[in-house]
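Me: Please take a close look at one helix-helix packing in this model, and then at the residues in the loops and strands around the chain that deserve a comment. I would like one connected account with the cut-offs stated.

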Amino acid sequence: MGTTADRFKAAVEAQELDAVEELFTEDVRLYSPVKFTPFEGRPMVLGLFGVLLRTFEDFRYVGELTGSAQTAAGPDGGFADSTVLIFRATVNGKEIHGIDLLQFDEAGRIKEFTVMVRPQSAVHALGEAVLAGLVEDGLAPQA
């Protein structure tokens, strides 16, 4: 069956949104490089994932690191078991290098998810593509 990170990688690479859903807590938070405040709650985060799966071209994970890290949520910012997944992808002709930081609750489900990407031009291309997808799916207001 593998770890949550293993199941997550397999689901994302196979573009199986239903398999991703069961790995998130109900109150999951996703911190994005294109939005200051997090996307909150399983329905919103899954909606965003649907857009991302359509947006990324040639998406692949190329590395993994495990350990623990301080979470962003909560007054004391406690530490949680964490996995960093390193990825490569293309968005609108821009190559992206990035990481997904997955942080787990006591049951092993993903409670916080942070995405970091480079270079700046790729962040801009990703932000435009994601916003268009969120608007198209009715998850964000028309600009």
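Reply: The helix pair comes first, followed by single residues.

This is a predicted model, in which local features need pLDDT of at least 70 and side-chain atom pairs count only at pLDDT 80 or more, while totals for chains, interfaces and linings use all residues. Residues are numbered from 1 along each chain as its sequence is written, and side-chain values use heavy atoms, with hydrogens and water left out.

Two packed helices are described by the angle between their axes and the distance between the axes. Here helix H3 (residues 42–55) packs against helix H4 (residues 120–136) at an angle of about 120°, and their axes are 9 Å apart. Helices (H or I, at least four residues) and strands (E, at least two) are DSSP runs, numbered from the N terminus. Axes are lines fitted to C-alpha atoms, for helices over the stretch in contact, and angles run from 0 to 180 degrees between N-to-C directions. H3 and H4 are therefore oblique to each other; angles under 35 degrees count as roughly parallel, over 145 as roughly antiparallel, 65 to 115 as roughly perpendicular and the rest as oblique. The crossing of H3 and H4 is right-handed, a term used if the near helix is turned clockwise from the far one by less than a right angle, and left-handed if anticlockwise.

On the H3 side, the contact (heavy atoms within 4.5 Å) is made by Met44, Leu48, Val51, Leu52, Arg54 and Thr55. H4 contributes Leu126, Ala129, Val130, Gly133, Leu134 and Glu136. By class, the residues of this contact are 8 nonpolar, 2 polar and 2 charged; Ala, Val, Leu, Ile, Met, Phe, Trp, Tyr, Cys and Pro count as nonpolar, Asp, Glu, Lys and Arg as charged, and the others, Gly among them, as polar.

Pro119 lies in the loop between S6 and H4, and the peptide bond joining Arg118 to Pro119 is cis, with omega about -10°.

Ser32 is in the loop between strand S1 (24–31) and strand S2 (39–40). Ser32 counts as buried because its relative accessibility is 16%; buried means under 20% relative accessible area, exposed over 50%, partly exposed in between (1.4 Å probe, protein chains only). Its side chain reaches the backbone nitrogen of Val34 at 3.0 Å. Neighbours within four places in sequence aside, Ser32 is in contact with Phe39 and Val115.

Ser82, in strand S4, is also a buried serine, at 6% relative accessibility. The side chain of Ser82 reaches the backbone nitrogen of Ala69 at 3.4 Å. Not counting residues up to four places away in sequence, Ser82 touches several residues, including Leu65, Gly67, Leu101 and Phe104.

Ala5 sits in helix H1 (residues 4–13) and is buried, at 3% relative accessibility. Beyond four places in sequence, Ala5 is in contact with Glu64, Thr83, Leu102 and Phe104. Ala5 and Gln103 are 98 residues apart in sequence and 9.6 Å apart in space, C-alpha to C-alpha.

Two loop residues have a positive phi although neither is a glycine. Gln15, in the loop between H1 and helix H2 (17–21), has a phi of about 55°. Asn92, in the loop between strand S4 (79–91) and S5, has a phi of about 50°. Asn92 is exposed, at 55% relative accessibility.

Notes:
Polar contact = N/O pair within 3.5 Å; in protein donor to acceptor, adjacent residues only side chain to side chain.
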